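Colleague: I have the model open and would like to go through it with you. Can we begin with the contacts between chains?

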Amino acid sequence: MKKVIALLLVLVLVLGLAACGSGTSSNDTPGAAPAADASPSSGGAPASDGAPAASSEPAPQEDTRGTFVFGDYVGSVDPASGAYAWVGIRTGVMESLFKFDENLNVRKNLVDDYSISDDGMTWIIVLKDGITFQSGNACDAEAVKASLERTCSMQARADGELKIASMEADGLTLKVTTREPNPALPNCMCDPYSGIVDVKSLEADGSAVIGTGPFKLVEYVENERMELDAYDGYWQGMPASKHVTIRSIGDLDSSSLALQKGELDACYGLSYDARDLFDGVGGFKISQAATSRVYKIYFNHEHEFTGDPNFRKAVCMAVDRVNYAAVLVNGAGTATKSTFPAATAFGGDELAPNVPDFDMEGAKALLAENGYVDSDGDGILDKDGKPVSLQIITYGRTGLPQSSQALQSALRQLGMDVSFEQLDSTEERANAGAYDLSVYAEVTLPTGDPYSYIMNNYKTGGTQNFGKFSDPQVDRLADELAAEFDSAKRAELAREIDTLVLAENHVCNMYHLNMYMAMKDTVEGLVQSPVDYYHITYLTCVK
Amino acid sequence: MSKSSPRLGQGAVLRYVLRRLLSLIPVLLGVTLLTYALMYISPKDPVEMMLQAQGTAPSREVVDAMRHQLGLDRPFVIQYLDWLWRFIRGDMGVSYVDGISVAGKLLTALPNTLKLAASSVIVTVVFSVPLGILTAVYQGRPVDAVIRFLSFIGNSLPNFVVSLLLLYFFALKLGWFPILSSRSLISLVLPTLALAIPMTGKYVRQVRAAVLEQLGRPYVDGAVSRGLKTRTVLFRDVLRNAMITIVTLMSMSIGSLLGGTAAIEMIFVLPGLGYMVTSAVTARDYPVIQGFVVWMSVIYLVINLLTDVSYYYMDPRVSAGMGVE
Amino acid sequence: MMGVSSGAKRKMAVYLAIFIALCIFSLVSGRLAPHDAEFVDLLAAKRAPGGEYPMGTDWLGRCIWSRILAGASSSIFASLVIVVLSMLVGCAIGIVSGYAGGAVDEVVMRIVDIFLAFPGIVLSIAVAGMLGPGLKNGILALAATSWTQYARLIRSYVLSLRQENFVKAARLNGQSGLSILARHIFPNAIRPVVVTGTLHLSGAMLSISGLSFLGLSSSSAEWGSMLSEGRSLMQQCPWVVLYPAIAIFLVTILFNLLGDSVRDVLDPNGKNKVLND
């Protein structure tokens, strides 16, 4: 009797299996299908394949250009949209008047020529002739004016940094008057919020998607995908790819799996560890660039130990910046002593003669010399009867907790009692002074110019000056920098300030972050830039 | 209200449903207020998170101007009441991060969530009910032991590990499935399995317990001694009575699945509600979080209500249990 | 089948003994570690298992075997604390609500509804955001979302026990509410709670690692965060995830076996159908 029941149950189970199989669609049939994935153009995304589009549009001559599938952030392309304005520039939909080169120098982009009046308040910007929006409308001074006005009215950060009082448009000539002298105007015009959109063809819902770039946004599914078609009227030439699909990166590990499997042609934003899956591995290559994001330690200058220059120097000696860069972030760092990258006019280790190399023995000796000894034999150093007990705070950005753990371990070896706390954000604690050391990461040249970082970090009372560092000479030089228009002199001032700050190890810079993209080795025209504003260009394609 | 009262009429059921729907209002108020308060007292605000995402440190004036633009410089209560008043008029607001309407965001995220929830519940039921019955009927036999042990295994690893293993072996190594989701059904297979395997593991044991309980009831012995075949009893009575357990299970799972499964959505690139709310909480995107919380409360209450009403139709003896649980 | 067989009792005793032994072991296991679990040696990073490092080293050159030993106590006790904390809070609220009835019950149940309808993930991230990430706060966040199942469970038992004759008799005898609760209701309602609690243990263990997947990890050696932090090395250095995964796997299986055997003994008729999530 029980056997009958068992038989029936098995039957139900088998039926269930069969139902499941058909319910989840052709479980068994596509066993052979993945072979097709070997072809470089298929992206595991049937909707994005170039074929259907090609058949519906009667092309005058055969278009042999392929499609390109890129793993990156997917978001709004509207430059006025706030947090994710950079998506429009990255994907090649938008362009800005100026552009950074690989050393973060400002270069003319849509601009033919520009000049500035003697009082520093009025800029004359002449646009290149023949540039059109993807809508076909001309990108003249009137259009640029309308675009910048729209962005400034919608976005406080753009308005606050561009400081535009008024604009006059005449053909290709745009006259910009600022509210106060703004030497960084061309730099700010590189920021994604300065992407130029065709205000004339704004859609009814108000989101701007038409730019002057090589690719036109045709479909956008939030957090999932963007579909871009080549804009053949692009001013620099025909885009090398016919169609680009941007796939959203939800999880770092699945995106590296997708690139390994060939569902992506290239991918940005992979984990540091994933680099080993592509760097020097057959069929793949990587493109890497040093960025200006510095990983550093700042000290609480109001605390007894961290206020002592010799103590700070000993802490700096416990920082193995070369191995942090090479091992801890798996090669995603370039060790640095100076604040700004050595590749720029503002940085270089020669600015930091008093910043020590990694030297644990030297650190022990320096501490002992300055009265930090374990006098009560409890294994913890003390000075004047006070044990050396330090608290490190940091937040969750990749690389920071790891650096903090390494620093904690090294300082313990020096005989200090070190605790480490990872917070959601450190600003509040830092402002309250409830810490000794903070491991922190910050972009030093957000607009290619050193002033904002110096003002925020090194000037007395700066918004990011959490360590309460104060030096009248630095303050004076920073004020000078604020009003200096000559770029050579600006660089000189920035170097002078950094030298002063580093002379007594007021901060300990560890490494600048390198960003990388991994791609199939058949990909061309895709280069990691030191700012992550530029990814897809008109040259990007799979060969 | 007590369990022994007679079966209620249709009118009473309707009144009961109405009363339950009305109780949605205080819950909705409580949940949204609690969310707003939690977000408000957490140390970061949307403007800071937005600027942190950009990696820059703009001047205080810019920060203040942005705060003013978003209305974040107003007192907490005013902000909440403002949200509430707009919500009552049908306006859920727009995201602080990208300016997209909250209703639009919910609608974009919903299809993936619904697909995943439906497919994983179906697969779970299809597997766990027969397996559960099998283990109950063969209690103590090797079949029972093997299935029970497998059910432990399915439930003993975090689901992100299971997901990554599935992707690694079945998508990358064997190439059977795509890694990036597409609109085809085949890309649903692995995420469905990742959700269904641990659920099946858990539910096999619950179904087994429910069937065992029924098998121990006197009516089974009675029926068998009256000459009815065991399998008739099993399918006609035991299964019918064990349905209550299964429905309870399903209702709880559907509820939590409809809230989104952030890890699975992230790993399988199927952005649904879980993904949406995780990024919204990280960015302190208040309007989006509020929209999600409202959705969750409604789902929770409606599912609970449907479950209770279905008890009423499945088992007359439960009729008046309504209102107690 | 109705009575509790001695076999079931023996089984439970065995699992309980293993469980207690494991708890005791986890308290001292940190001292058995061959290396300092937090000692960073970048030059020894990502070593394969063997020799000095029986389970290899992680991305910071820390000894994985030592970290597993040192992390045992936090991983195991974290799940215990989550269960006990939510049990205590849930039971207290559920008993009061069920016994008092009326308006109190109505209000409490609406609050429970609010917490049930409240997405756990929002609460977890908000709590971690306010108190900072870390094991303690993760525990608080998880307990804050799971007490409701206990409250609902014990309340329903209290409601039905209130109707029982021995409770009515006690009330007629003039016993105070508190003593009725303590003498008659609590001892009877606690069994299903204990069953739910032991079944909840494995779920709690897995949710901790789920939290750290969402970036709310603790920095100390804890199995869940070892697993989630190391997952991007799954292909390059599988040992970084393999050993913590095995540790979690074995302990969850033990928790599951224990939970099932406790249920077989305390609740043999399967009356306890309130499920943990």
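Colleague: How much area do chain A and chain C bury between them?

Modeller: This is a predicted model, in which local features need pLDDT of at least 70, side-chain atom pairs count only at pLDDT 80 or more, and totals for chains, interfaces and linings use all residues. Residues are numbered from 1 along each chain as its sequence is written, chains are lettered from A and ligands numbered from 1 in the order in which they are written, and side-chain values use heavy atoms, with hydrogens and water left out. Chain A and chain C bury about 1,900 Å² between them, where buried area is the accessible area (1.4 Å probe) that two parts lose on being put together, summed over both. Carbon and sulfur atoms carry 50% of it.

Colleague: Which three residues supply the most on the chain A side?

Modeller: A:Asp273, A:Gln405 and A:Gln422, with 28% of the area that chain A buries against chain C.

Colleague: And how many residues are in contact?

Modeller: 24 of chain A with 20 of chain C, contact being heavy atoms within 4.5 Å.

Colleague: How many salt bridges cross that interface?

Modeller: The rule finds three, counting a side-chain nitrogen of Lys or Arg within 4 Å of a carboxyl oxygen of Asp or Glu. C:Lys46 forms one with A:Asp276, with the closest N and O atoms 3.9 Å apart.

Colleague: Which elements of chain A give two or more residues to that side?

Modeller: Helices H7 (252-261), H9 (321-328) and H11 (400-413), and strand E17 (417-423). Helices (H or I, at least four residues) and strands (E, at least two) are DSSP runs, numbered from the N terminus. H11(A) gives the most, with six residues.

Colleague: New topic. Where are the domains of chain B?

Modeller: Domain 1 covers 4-88 and domain 2 covers 109-283; the bounds come from an automatic or database domain assignment. Their C-alpha centres lie 33 Å apart.

Colleague: Back to chain A. What is phi of A:Lys163?

Modeller: Near 55°, a positive value in a residue other than glycine. Most residues other than glycine have a negative phi. A:Lys163 sits in the loop between helix H5 (156-162) and strand E6 (164-170). A:Lys163 is partly exposed, at 23% relative accessible area; the class lies between buried (under 20%) and exposed (over 50%), with a 1.4 Å probe and protein chains only.

Colleague: What about A:Lys468, where is its place?

Modeller: In the loop between helix H13 (451-458) and helix H14 (472-483) of chain A. Phi of A:Lys468 is near 60°, also positive, and A:Lys468 is partly exposed, at 38%.
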